[in-house]
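Please walk through this structure with the sequence and the 3D view side by side. The tour goes from the whole chain to single side chains.

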Amino acid sequence: MIDLRLLQRLNQASVLVVGDVMLDRYYQGDTQRISPEAPVPVVKVKSVQDKAGGAANVARNIAHLDGQVGLLGIVGDDAPARSLEDLLSQEHIRSHLHRQNRQPTITKTRIVSRQQQVVRLDHEEVFDEAASQALVPIFAQTLADYQLVLFSDYNKGSLRHLPEMMAMAKQAGKTVLVDPKHLDFAFYRGADIVTPNLSEFKAAGGQTHSEAAMVESARALLARCGIHAMLLTRSEQGMSWISPTEHHHFPAQVREVSDVTGAGDTVIATLAVMVGAGMRPEQASEVANVAAGIVVAKLGAATVSPEELAVKLNHHWHSQGGLYQAPFEQVLNHIAFARQTGERIVFTNGCFDILHAGHVRYLAQARALGDRLVVGLNSDASVRRLKGEQRPVNPLEDRATVLNALASVDWVLPFGDDAQEGDTPLRLIQQVAPDILVKGGDYRIDQIVGADWVLTQGGQVHVLDFVAGRSTSGMIQKIQESC
């Protein structure tokens, strides 16, 4: 069992990501007809979205897990580089990008219709010797600011001088992780952990015809190449942690895969952050496996938040302890990250003292109106003021734990501790700035706290019916009458 209190220390992990950075550009639209010019679909573009890709997506995953992260790589002197710099700033990633004018910024453009990729267009050239050499002095200057180094190799030329940078990192006592692409793993000599997938492992000489052969060949490969350990990602078979003395297998954690894009980035990013937070590498590998299960159930190159990870880990181990609760400002950052990726934020609030079927159905309906659900939860003092001195039956931490365990709930934020602010969630609504405000019961929109503010911000307000015959007060009364 892993101590989930370590999730409170994620912001203590500081990671320098070095590698091939890219800009991922998505054209989203609908398809209604085939082109008269050629037998191809016509996509009517409705939106264009840029995302950090390649090594930049690894850095993005680290930032979304609250790790401190910097990114070193090569870009062109062009508009995609400027877009990428803007994205890094929005994602709280320190940029150490080297800009040059001989090769363009690597850009992958995807045309997507009805959640299906129609075609991908790649604008890229392998970076030359001069560009890759220019990273070495920048690496030397920035190395001291970080606890771990993560090399993200996409074989685009940025890491020609990786052995030289590896030597600097090890001499400085840094933990080094590598997502490899070279067929000869000796190129990564000195690494603490490499994270190949099955095809990369086999190309490097690994055997996969049996579990015993896989472990034996992995250990031989590690010894021959001077690498300490390996986290082997095996798709639907899960992952295997292999070192000279240990072997742990972690079964896949997802039942339905939506998109495997960027899953490897999530794995090594989670591994780095967890090691930086103080977990043993084999424990961090188990957490990375759980994170992969979360991210492949999403569309596109997605990320994982600490709250999602904590809920999944609690389910995974059937823990009875309290869930990870991030500091308020960090939760607001996680919500902002979700909004940046185009997800619609839904907000509702209540006491949720004794959770019943009506609550569960209501929250599921609220979540279905958008992509992420934030629940404002009245504090214990607020519930007493509203419901009387005998309430709440369950304290705030217990109520938050139960709500967090629901698949429909993404974040739980308490309010109402300050009596002077009153027992309404108005201030919290303004801080969260939801796209959709939801209230249950027989309300008119003009009676809902925060509705006018949300509407003026361009949002929506919805009123949902409660399930008849289901109420906390009714349950309490029934229990009292039966005593």
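Two residues are in contact when heavy atoms lie within 4.5 Å. By that measure, residues 24 or more positions apart account for 68% of the contacts with a separation of 6 or more. Keep in mind that this is a predicted model. The chain has 483 residues, and 53% of them count as buried. Its secondary structure comprises 16 helices and 20 strands. About 21,600 Å² of the chain is exposed, with carbon and sulfur atoms supplying 49% of that area.

Start with the open sheet. Five strands build it, in the order β18-β17-β16-β19-β20, and the pairing is parallel. The edges are β18 (411–415) and β20 (460–464), and each of these pairs on one side only. On average, neighbouring strands of this sheet are turned by 25° against each other, direction ignored. Inside the sheet, β16 (residues 345–350) and β17 (residues 372–378) are joined by six bridges in the parallel sense. Thr348 has Val375 in β17 as its bridge partner. Helix α11 (residues 357–367) lies across β16, β17, β19 (436–440) and β20. The helix runs at about 135° to β17.

Now look at edge strand β18, where Phe415 is found. Is Phe415 buried or exposed? Its relative accessible area is 9%, so Phe415 is buried. Beyond its neighbours within four places in sequence, Phe415 contacts ten residues' worth of surroundings that include Gly376, Leu377 and Asn378. Asn349, Asp423 and Leu428 are also among its contacts. Leu426 is eleven residues away along the chain from Phe415, and their C-alpha atoms are separated by 9.6 Å.

A salt bridge also involves β17. The side chains of Asp410 and Arg372 meet with an N to O distance of 3.6 Å. Asp410 sits in the loop between α13 (396–404) and β18, while Arg372 is in β17, 38 residues apart. Both ends are covered: Asp410 is buried at 10% relative accessible area, and Arg372 is buried at 6%.

Next comes the hairpin of β8 and β9, with two residues between the strands. In its turn, Arg114 has a positive phi of about 55°. Strand β8 (residues 107–113) pairs with β9 in the antiparallel sense over seven bridges. Ile111 has Val119 in β9 as its bridge partner. Val119 also joins Val118 and Leu121 in a nonpolar surface patch of about 210 Å². Leu121 belongs to β9 (residues 116–123). Leu121 counts as partly exposed because its relative accessibility is 40%, between the 20% and 50% cut-offs.

Charged side chains come last. The structure holds 24 salt bridges. In one of them, Glu124 and Lys156 meet at 2.8 Å, N to O. Glu124 is in the loop between β9 and α3 (129–142), and Lys156 is in the loop between β10 (148–152) and α4 (162–171). The two are 32 residues apart. Glu124 is partly exposed at 29% relative accessible area, whereas Lys156 counts as buried at 17%.

Another salt bridge pairs Glu211 with Arg234, whose closest N and O atoms are 3.3 Å apart. Glu211 lies in helix α6 (residues 211–225) and Arg234 in the loop between β13 (229–233) and β14 (239–242), so the pair ties together parts that are 23 residues apart in sequence. Glu211 is partly exposed, at 34%. Arg234 is buried, at 8%.

Terms used. Residues numbered from 1 in each chain as written. Predicted model: local features only at pLDDT ≥ 70, side-chain atom pairs only at ≥ 80, totals over all residues. Heavy atoms only, no water. Helix = DSSP H or I, 4+ residues; strand = E, 2+ residues; numbered from the N terminus. Buried < 20%, exposed > 50% of the residue type's maximum accessible area, 1.4 Å probe, protein only. Areas by Shrake-Rupley, 256 points an atom, 1.4 Å probe, with all protein chains shown as cover. Patch = residues over 30% accessible without salt bridge, like charges linked within 9 Å, V, L, I, M, F, W, Y side chains within 5 Å. Salt bridge = Lys/Arg side-chain N within 4 Å of Asp/Glu carboxyl O. Pairing = 2+ DSSP bridges. Axes fitted to C-alpha atoms, helices over the stretch in contact; angles between N-to-C directions.
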